[in-house]
Amino acid sequence: MNYNKIMIMGRVSKMGTKTTAKGTMMCSFTIANNTGWGDVKKTHFFDCVAFGKKAEYLSNYAEKGKLLFVEGELHQEKWTNREGKNQYSFSIM
C-alpha cells in the first residue's frame, strides 16, 4: 500500500493561475506556513493546485491573507536544466 498525504495550515500568499482545460477548472496558489517563534521563526511556502469544484470555490473565495487548511498529495516534478543538472519542484495536489 502506498500512502502519500500532506496537511498544511497557513495563509494564502499568492493566488496564481485559474484555467479551464477540457472542461475542468484548475487553480494554483501558494500557502505560507510559519514554524517556530521569536528568533527561530521560519516561514515555508507551499505551491498548491486544486481541480474541479475545489478550484472553483478557491478562485471565488480565496484571496491573499486568508487562512486555509490544505490536504492533498505531495507531487514531484523533475526536469533537466540547460546545464544538464536535474531540477525538482514539489506541489500539493
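Okay, so Ser 91: you'll find this residue in strand β6, residues 86-92. Strands here are DSSP E runs of at least two residues, helices are H or I runs of at least four, and both are numbered from the N terminus. Before I go on, this is a predicted model, so local features need pLDDT of at least 70 and side-chain atom pairs count only at pLDDT 80 or more, while totals for chains, interfaces and linings use all residues. Residues are numbered from 1 along each chain as its sequence is written, and side-chain values use heavy atoms, with hydrogens and water left out.

Back to Ser 91: buried or exposed? Ser 91 is buried, because its relative accessible area is 11%; buried is under 20%, exposed is over 50%, and partly exposed is in between, with a 1.4 Å probe and protein chains only. Beyond its neighbours within four places in sequence, Ser 91 contacts Asp 47, Glu 73, Leu 74 and His 75 (contact being heavy atoms within 4.5 Å).

Next, salt bridges, meaning a Lys or Arg side-chain nitrogen within 4 Å of an Asp or Glu carboxyl oxygen. How many does a search of the whole structure find? Just 1 salt bridge. The partners are Glu 71 and Lys 5, at 2.7 Å from N to O. The pair ties together distant parts of the chain, 66 residues apart: Glu 71 is in β4 (67-72), and Lys 5 is in the segment before β1 (6-21). Glu 71 is partly exposed at 43% relative accessible area, and Lys 5 is partly exposed at 43% as well.

Glu 71 also turns up at the largest pocket, where this residue, Ala 50, Lys 54, Leu 58 and Val 70 lie nearest the centre among 15 lining residues. Which elements give two or more residues to that lining? They're β3 (42-51), α1 (52-61) and β4, and β4 gives the most, with 5 residues. For the method people: on a 1 Å grid over the protein atoms alone, a pocket is an open set of points where a 1.4 Å probe fits, with protein on both sides within 12 Å along at least five of seven lines, and lining residues have an atom within 4 Å of a point.

Last stop, Phe 51, in strand β3. Phe 51 counts as partly exposed, at 42% relative accessibility. Leaving out residues up to four places away in sequence, Phe 51 touches Thr 24, Met 25, Met 26 and Met 93. And Phe 51 and Leu 67, 16 residues apart along the chain, have C-alpha atoms separated by 19 Å.
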